[in-house]
Amino acid sequence: MSVQPLSRYQEAVPEYGRPLAEAPGLIRVVARNPGPMTYHGTNTWLIETSPGWVVVDPGPEDPDHQQAVLDACGGKIHTILVTHSHHDHEAGAQALARLADAPIYGGTHGQNPDALTLPGLSPVRTPGHTMDHVCIDIGDGRLLSGDHIMGWSTSVILRAPNGSMSAYLASLKDNQTRNYATLFSAHGPPVTEPAPFIASLLKSRLNRIARTRDALTSTPQPEPQLLAGLYRNLPRNLSRAAAEMLGSMLEYLEAQGEAVHTTEGWRRD
Ligand SMILES: [Zn+2]
């Protein structure tokens, strides 16, 4: 199976802290937090709406980044939105809220994003990567996709109670029906051909789940043993992510009646 579509959206290291015009009324400022889970860093998105600038994902707590975002908005921010309660997205939200005297929606400290009423902008619930994840539909076929769909890498789907593989697959299928033209994610460049990309995400995820199911035997195996068999030569800095992914796939298989969790580990049903 080709993995090509999954690694198609790469880019050179962007200039940190500099406003990048990505589309009409849509600016990206990249935070300086590169890493194995964040690619070159978190994309903070600035949306121009009639009441004012809306900032999506203020990024990690970094005074230089928050100042760069405020400056890019001409010193005035109407609303701050957080796609989900992960550090690299929301840790800077409260500092930015204080600087700009703006309300926060979403994430750990924000108001319920469903309560947000702004012209031309609507939150779309996309549980999976985390249960509180929302994407932001900004009209004209454009979606800010957070960590739900990213062009540079597949999303890590956390195990319960933080994430859910079945919710993730349902969210992806829901996205498919909405026929977006462009996805602007929280890490990496925009996904300009969402339909084949989402189809390839679903396919590769279902393949991984099938491989996990095939690794189960009638004798229970502890998770570390399954992990070692399924993910060979895993870099140490990705082992926690892989353990979460395996956990969410096993929970999915359990819900489908294809795996059983015992005190000695997981076996097939
Ligand atoms: Zn995340």
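This report describes the zinc site, the two sheets and some backbone details of a predicted protein model.

## Confidence

The protein chain has an average pLDDT of 94, and 97% of its residues score at least 70. Residues 1-5 are an exception to that level, with a pLDDT below 50. Beyond near neighbours in sequence, this stretch makes five contacts in the model.

## The zinc site

Which residues hold the zinc ion as protein donors? They are His 84, through NE2, His 86, through ND1, His 129, through NE2, and Asp 147, through OD. These donors lie 2.2 to 2.3 Å from the zinc ion. Along the chain, their spacing reads H-x1-H-x42-H-x17-D. The site thereby links distant parts of the chain, since His 84 and His 129 are 45 residues apart. His 84 belongs to the loop between strand E5 (79-81) and helix H2 (87-90), while His 129 belongs to the loop between strand E7 (122-125) and strand E8 (134-139). Both His 84 and His 129 are buried.

Why is the arrangement of the four donor atoms irregular? The angles that they subtend around the zinc ion run from 89 to 168 degrees. Four donors count as tetrahedral only if all angles lie between 85 and 135 degrees, so the upper value of 168 degrees rules that class out. As a point of reference, the ideal angle for four tetrahedral donors is 109.5 degrees.

## The sheet of six strands

Strands of a sheet pair through backbone hydrogen bonds, either parallel or antiparallel. One open sheet in this model has six strands in the order E1-E2-E3-E4-E5-E6, and its pairing is mixed. Strand E1 (20-23) and strand E6 (104-105) form the edges; each has a single partner strand, so one side of each lacks a neighbour in the sheet.

E1 pairs with strand E2 (residues 26-30) in the antiparallel sense, over three bridges. Within this pair, Leu 20 stands opposite Arg 28 of E2, and Ala 21 has Ile 27 of E2 as its bridge partner. The hairpin of E1 and E2 has two residues between the strands, and Gly 25 there adopts a positive phi near 70 degrees.

A helix also meets this sheet. Helix H1 (residues 63-72) lies across E2, strand E3 (43-49) and strand E4 (52-56), and runs at about 160 degrees to E2.

## The sheet of four strands

A further open sheet contains four strands in the order E7-E8-E9-E10, again with mixed pairing. Its edges are E7 and strand E10 (182-185); each has a single partner strand, so one side of each is left without a neighbour in the sheet. Neighbouring strands here are turned against each other by 30 degrees on average, direction ignored.

E8 and strand E9 (residues 142-146) run antiparallel and are joined by three bridges. Asp 137 stands opposite Leu 143 of E9.

## Backbone details

Asp 101 and Asn 233 each have a positive phi although neither is a glycine. The table gives their values.

| Residue | Phi | Loop | Relative accessibility |
|---|---|---|---|
| Asp 101 | about 50 degrees | between helix H3 (93-100) and E6 | 70%, exposed |
| Asn 233 | about 55 degrees | between helix H6 (223-230) and helix H7 (239-255) | 78%, exposed |

Where is the cis peptide bond that involves Pro 161? This bond joins Ala 160 and Pro 161, with an omega of about 5 degrees. Pro 161 is placed in the loop between E9 and helix H4 (165-178).

Notes
Residues numbered from 1 in each chain as written. Predicted model: local features only at pLDDT ≥ 70, side-chain atom pairs only at ≥ 80, totals over all residues. Heavy atoms only, no water. Donors = N, O, S within 2.8 Å, 3.2 Å for Na, K, Ca; no water. Tetrahedral: all angles 85-135°; square planar, octahedral: opposite > 155°, others 65-115°. Buried < 20%, exposed > 50% of the residue type's maximum accessible area, 1.4 Å probe, protein only. pLDDT = per-residue confidence, 0-100. Contact = heavy atoms within 4.5 Å. Pairing = 2+ DSSP bridges. Axes fitted to C-alpha atoms, helices over the stretch in contact; angles between N-to-C directions.
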